[in-house]
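User: Could you take me through the way the helices pack in this model and the core that goes with them? I am in my first year, so please explain each term as you use it.

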Amino acid sequence: MEIYLLAGLAIVVVLLAVGGFYLVRTRRSVAPGEEETPPEVTREPKPAAPEDREKDGGADLLPPAQAPPAGEGATAAPAEPELETPPPSAGRMVRLRARLARSQSALGQGLLNLLSSSSLDEDAWEEIEDTLITADIGVASATQIVENLRTKVKVLGTRDHDEVRALLREELLAQIRTEAERGVRTAPHGDRPAVIMVVGVNGTGKTTTTGKLARVLVGDGRSVVLGAADTFRAAASEQLQTWGSRVGAPVVRKEEGADPASVAFDAVARGIDDGADTVIIDTAGRLHTKTGLMDELGKVKRVVEKKSQVDEVLLVLDATTGQNGLRQARVFAEVVNVTGIALTKLDGTAKGGIIVQVQRELGVPVKLVGLGEGPDDLAPFDPEVFVDAILG
Ligand code: GDP
């Protein structure tokens, strides 16, 4: 009996073992098949690559959802910020003169104290000349100012503060005034907009000045198209987009590394199509190799000229960089025909004399001055307001 029970038990154990073996084998044989058919994954639709969006070379404006409104007839994107109304340019320098007075008055006061002192001897004249040179006015201009003042003070025999101030004012103005047209050429010509190229070394405030100039023009009632031709820095294009969106100026831009000349060309084409008053083109400002820069800027200008004359080439210089800024100015003047200077960061230096030196060196007038980091801190340059601000 026990034998039968044990035999039955053995049969059950054997059957269970065989069943288990087959079960495991079956699972194993399915597993590779499962690996061949991966589980379904829900993917987000892939965004179109920039090259797809811009395939035809003509789609250089941002897609409608991101593009800023293009003035009249533009379709505003839902998330578009409210457009700002910048103040007009008239009187800006007067409004901002306190910024100058803060940084420059040491120069003006120092000169006036020396000139009205009772002992106006050789040492005093030398100190006057040194003070002018320290303010970056340049040796040639400083010498000329001192010579003229010496003669006039002798002839008039005066030390009266107001009279001396008037003499100094006259001399400084004589150094700053130029025959050349001071205003930026922004008015359209018949069926084409005025075209302005903004050039300068990175960091001088070139892109900021382009954006601020757009605000100045919009504030004066002009319609503006911006061209982000500094395609070497994605940040510059983004920055310009922000400036444009704030005042409703369309910004023509392409992907980083795109040909700057083609952006400039398309910006001018857009300006003509839109019937805009002014097109402002921000250019790249790398000074690593002079030849590279020369080629690039020259090309941008030549390509733009296929579409329109370039009315203004504004060179942006940082007033705080002194002699270095002048060296930059010389390089740019060799490359393109600079027609005006935008001198930035004049609020951050007591060396406003650079205005005299740069005008003298380049033979072109300072047309705009940057007097702060605020969006409306760019002013058309007014020599009289400038001199009065530094003389207090
Ligand atoms: P870019 O590389 O030449 O295009 O220079 P950006 O336009 O980016 O400007 C460089 C910096 O200079 C920014 O922080 C600007 O806010 C600042 N900046 C530009 N203009 C002025 C100015 O007139 N005054 C002051 N204080 N800062 C300025």
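Analyst: When two helices are compared, angles under 35 degrees count as roughly parallel, over 145 as roughly antiparallel, 65 to 115 as roughly perpendicular, and the rest as oblique. The axes themselves are lines fitted to C-alpha atoms, for helices over the stretch in contact, and the angles run from 0 to 180 degrees between N-to-C directions. Helices (H or I, at least four residues) and strands (E, at least two) are DSSP runs numbered from the N terminus.

This is a predicted model, in which local features need pLDDT of at least 70 and side-chain atom pairs count only at pLDDT 80 or more, while totals for chains, interfaces and linings use all residues. Residues are numbered from 1 along each chain as its sequence is written, and side-chain values use heavy atoms, with hydrogens and water left out.

Let us begin with helix H11 (residues 322-335) and H12, which pack at an angle of about 25 degrees with their axes 10 Å apart; H11 and H12 are therefore roughly parallel to each other. Their crossing is right-handed, a term used if the near helix is turned clockwise from the far one by less than a right angle, whereas an anticlockwise turn is left-handed. In contact terms (heavy atoms within 4.5 Å), Gly322, Gln323, Leu326, Ala329, Arg330 and Ala333 of H11 meet Ile354, Gln357, Val358, Glu361 and Leu362 of H12.

Helix H13 (residues 383-391) takes part in another pairing, with H6, where the axes come within 10 Å and cross at roughly 140 degrees, so H6 and H13 are oblique to each other. This crossing is right-handed, and the residues that make the contact include Leu168 and Leu172 of H6 as well as Phe386 and Ile390 of H13. The axes of H3 and H13 come within 4 Å and cross at roughly 50 degrees, which makes H3 oblique to H13. H3 passes H13 in a right-handed crossing, and among the residues that meet there are Met93, Leu100 and Leu107 of H3 and Phe386 and Ile390 of H13.

Phe386 leads us to the core. A nonpolar core is a set of buried Ala, Val, Leu, Ile, Met, Phe, Trp, Tyr and Cys residues joined through side-chain atoms within 4.5 Å, where buried means under 20% relative accessible area, exposed over 50%, and partly exposed in between (1.4 Å probe, protein chains only). The largest nonpolar core has 78 residues, and Val369 and Phe386 touch the most other members. Helix H3 (residues 92-116) provides the largest share of this core, eight residues. Domain 1 (89-175) and domain 2 (194-384) both give residues to the core, so it lies between them; these domain bounds come from an automatic or database domain assignment. Not counting residues up to four places away in sequence, Val369 touches Met93, Leu343, Leu346, Ile355, Asp377, Leu378, Ala379 and Phe381. A second, separate core of 20 residues includes Leu213, Val216, Ala228 and Leu240.

Finally, return to H6 (residues 161-176), where Gln175 is found. At 12% relative accessibility Gln175 counts as buried, and, leaving aside its neighbours within four places in sequence, Gln175 is in contact with residues including Ser141, Gln144 and Val356.
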